[in-house]
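Biologist: I have a new model open and would like to learn how to read it step by step. Could you take me through a few of its features?

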Amino acid sequence: MIFGLRLKNIFFILLGSAIFSFGIVHFNMQNNLGEGGFTGITLLFYFLWGWDPAISNIVLNIPTFAVGWRFLGRNMFLYTVIGTLAVSAFLWIFQQHTYQLHLQSDMTLVALFAGVTIGIGLGIIFRYGGTTGGVDIIARIVHKYAGWSMGKTMFLFDAVVIATSIIAYLELVEGMYTLVAVYIGARVIDFIQEGAYTARGATIISGKSNEIADKIIQDMERGVTVLQGRGRYTGENRDVLYCVVGRNEIFRLKNIINSVDPHAFVAVSSVHDVLGEGFTLDENKNPISH
């Protein structure tokens, strides 16, 4: 622990910053692609006037740091400062030691790798409690005083930055590839934050709920939660079962339900980041090593 910060978090924020900066230098800057957020502004300055993104990234974030400590918790603010400074440091390093990848002949590949590397980098930073400053802080301020959702603010900011980049220096085709890279990056960020593991949650309504619950517990060793429900049309009170199982167990769960009550109503949905016994804890409440 350093000033209450976890060394593990700091390590992964630095790792994410390195991956993010590598993508910016080797895919965006080498191939004339833009980006959203403050990073897009630093690229705008770079392509128009040759300003070093490593420096402009810090300069742009200084005003947000001045007010950000009021809207972020202490630890998150410190992680954000670390992430922002690390991004600038790695941007400078990779500009001094650049690998020429020569991908200009295949801009689809450039957009794909730009989105993946930037998404992986930001996803790791976000997953371990940090941000890269900029729009994230602005979005929190706008949410507090204007009531806008953070997603809406960040989307509008990105749209304005990308549109400005297209007008200022990007060809239309390059602008379209930039949109592809930003979209891929957003999806990768979600994937990194939510994790590759996806469980399934089953909501079960049946007149034989007790038998179904008992069979799930006995045959699958999975817990079942019983909720009280009432049919709006019939007015009948019914037990509603909710059970979370692994993705590879959903077929077995359906077979168990069908064997007890073929007419049961079953709704299955995806569940991310499952915590607790049977998933992250064993029967003794100890963490499960993966």
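The dialogue below goes from the whole chain to a pair of helices, two single helices and one loop residue.

Biologist: Before anything else, what kind of model is this, and how many helices and strands does the protein chain have?

Modeller: This is a predicted model, and its protein chain has 10 helices and four strands. Read along the sequence, the elements follow the pattern α-α-α-α-α-α-α-α-β-α-β-β-α-β. Of the 290 residues, 43% count as buried, and among contacts with a separation of 6 or more, 74% are between residues 24 or more positions apart.

Biologist: How should I describe two helices that pack together, and at what angle do α1 and α4 cross?

Modeller: In general, two packed helices are described by the angle between their axes and the distance between the axes. Here the axes of α1, residues 7-29, and α4, residues 74-96, come within 8 Å and cross at roughly 40 degrees. That angle makes α1 oblique to α4, and the crossing of the two is right-handed. As for the residues of this contact, 16 are nonpolar and six are polar, with no charged residue among them.

Biologist: Turning to single helices, how far does α2 reach from its first C-alpha to its last, and which of its residues are buried?

Modeller: A general point helps when reading any such list: an α-helix has 3.6 residues a turn, so residues three or four places apart point the same way. Helix α2, residues 37-49, has 13 residues and reaches 18 Å between its end C-alpha atoms, close to the 18 Å expected at 1.5 Å a residue. Its buried residues are Gly-37, Phe-38, Thr-39, Gly-40, Ile-41, Thr-42, Leu-43, Leu-44 and Phe-45. After α2 comes Gly-50, with a positive phi near 75 degrees.

Biologist: What does α6 look like when read in this way, and which residue follows it?

Modeller: Helix α6 has 12 residues and reaches 15 Å from first C-alpha to last, close to the 16 Å expected at 1.5 Å a residue. Within α6, Val-135, Asp-136, Ile-137 and Ala-139 are buried, and the helix is followed by Gly-147, whose phi is positive, near 80 degrees.

Biologist: Where is Thr-132, and why does Thr-132 count as buried or exposed?

Modeller: Thr-132 lies in the loop between α5 (107-127) and α6 (135-146). Thr-132 counts as buried because its relative accessibility is 18%, and buried means under 20%. Leaving aside neighbours within four places in sequence, Thr-132 is in contact with Asn-61, Thr-84, Val-87, Leu-122 and Ile-125.

Notes:
Residues are numbered from 1 along each chain as its sequence is written. This is a predicted model: local features need pLDDT of at least 70, side-chain atom pairs count only at pLDDT 80 or more; totals for chains, interfaces and linings use all residues. Side-chain values use heavy atoms; hydrogens and water are left out. Axes are lines fitted to C-alpha atoms, for helices over the stretch in contact, and angles run from 0 to 180 degrees between N-to-C directions. Angles under 35 degrees count as roughly parallel, over 145 as roughly antiparallel, 65 to 115 as roughly perpendicular and the rest as oblique. A crossing is left-handed if the near helix is turned anticlockwise from the far one by less than a right angle, and right-handed if clockwise. Ala, Val, Leu, Ile, Met, Phe, Trp, Tyr, Cys and Pro count as nonpolar, Asp, Glu, Lys and Arg as charged, and the others, Gly among them, as polar. The expected span of a helix is 1.5 Å times one less than its number of residues. Buried means under 20% relative accessible area, exposed over 50%, partly exposed in between (1.4 Å probe, protein chains only). Contact means heavy atoms within 4.5 Å.
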